[in-house]
Amino acid sequence: MLKVFGRQKPSRSFKEYYLEWFSTLKNNLLPLLRRSIAGESPTILSSHVEMLHQHFQSYYHALDAAATSDPTQLLSQEWRNSLEKPLLWLADLHPFLFTNLVRSFLHQRSPPDTDQKNPRRHLPLPFPDRPWQVALAWSNSSDFLTACMDQIECRLRHIVPTLSDRLKSAESAFVECVVGDWFQCWEEQNIAAAKVAVGADVKVHMEEVVSVVLYANRVRRSVLVRIMSATTVYQAALSFEGLAQFLIGFRDHDLLNAVEQCKALSRPSSH
């Protein structure tokens with residue numbers, strides 16, 4: 001096995017893992033969830049929601065393992081497309097994305113005079129083609145759910161810049177140490193010592209990068225758990241459906257082509 005900075009490279013890249021994980025999400029778990037949303041069994045729906053939730057949790061555990069074994073593969077992620085890259089924060093999705101999706105549903109409440117005995121009587125509803133429990137899932141959202149989103153976002157406003165600053169500080173310290181150690185050894189004409197010193201600097205830097213990424217993943221996992229605990233089974237189903245569809249949509253070839261065409265048209269002419 002090859003080693004990078006004292007760490008073993010995994011037998012397959014994280015890109016390969018992600019594509020397999022994404023395929024399972026798109027072709028298996030999301031269709032399964034949608035069938036249960038259209039069904040009449042809250043028990044089956046709850047089971048499929050938890051399956052999707054655990055799929056995301058397993059993804060972040062795999063991201064932890066990838067960061068620990070070879071953090072270099074997560075630093076740039078060139079295999080991500082131009083729509084995905086702006087959404088990334090410390091190797092994956094920004095955690096604010098999760099709460100913003102929930103808030104987008106909270107803004108879709110139905111009119112207060114909706115007839116509860118005949119909920120389809122007053123349309124439009126956010127999901128008029130689905131069972132009424134799903135169509136009205138967000139109509140009577142509790143103050144507890146709103147307060148929970150407020151608490152999560154308050155915590156994120158503190159944690160996100162703190163972790164970002166940690167990474168910037170680590171990068172600055174790394175550059176300073178490498179330059180200082182290299183020039184000192186170069187002046188002494190000791191190339192062997194330079195390699196040892198720079199290797200030690202790289203190891204310290206990589207350990208800090210790994211620590212920051214692991215903490216960011218704990219934050220992402222925690223936000224998903226909080227959303228699960230604060231929502232009803234129908235709200236959780238729609239939230240995870242929305243999150244899954246969001247990820248799938250950003251890898252849609254037609255959308256990507258349209259964006260690239262817009263970019264090409266917006267570039268200044270060379271003439």
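This is a short walk through two pockets and one buried asparagine in a predicted model.

Let's begin with the empty space. Rolling a probe the size of a water molecule over the atoms shows where such space is left. In this model, the largest pocket has a volume of about 220 Å³. Its lining is made up of 13 residues, and those nearest the centre are L74, L75, S76, L90 and A91. Four elements each give two or more residues to this lining: α3 (72-75), β3 (88-89), α6 (143-187) and α7 (191-230). The largest share, 3 residues, belongs to α7. Sorted by class, the lining of the largest pocket holds 10 nonpolar, 2 polar and 1 charged residues.

Now turn to the second largest pocket, which encloses about 190 Å³. Here 14 residues form the lining, with L136, A137, N140, T232 and Q235 lying nearest the centre. Both α5 (132-135) and α8 (233-249) supply at least two residues of this lining. The class make-up is 6 nonpolar, 8 polar and no charged residues.

Our last stop is N81, which you will find in the loop between α3 and β3. Is N81 buried or exposed? Its relative accessibility is 14%, and because buried means under 20%, N81 counts as buried. What does its side chain reach? The side chain of N81 comes to 2.9 Å from the backbone nitrogen of E84, and also to 2.9 Å from the backbone oxygen of F250. F250 appears again among the contacts of N81: setting aside neighbours within four places in sequence, N81 touches F250, R251 and L256.

Terms used. Residues are numbered from 1 along each chain as its sequence is written. This is a predicted model: local features need pLDDT of at least 70, side-chain atom pairs count only at pLDDT 80 or more; totals for chains, interfaces and linings use all residues. Side-chain values use heavy atoms; hydrogens and water are left out. On a 1 Å grid over the protein atoms alone, a cavity is a set of points where a 1.4 Å probe fits but cannot get out, and a pocket is an open set with protein on both sides within 12 Å along at least five of seven lines; lining residues have an atom within 4 Å of a point. Grid points are joined across faces, edges and corners, and a volume is the space filled by probe spheres set on the points. Ala, Val, Leu, Ile, Met, Phe, Trp, Tyr, Cys and Pro count as nonpolar, Asp, Glu, Lys and Arg as charged, and the others, Gly among them, as polar. Buried means under 20% relative accessible area, exposed over 50%, partly exposed in between (1.4 Å probe, protein chains only). A polar contact is a pair of N or O atoms within 3.5 Å; within protein, one must be able to donate a hydrogen and the other to accept it, and residues adjacent in sequence count only if both atoms are side-chain atoms. Contact means heavy atoms within 4.5 Å.
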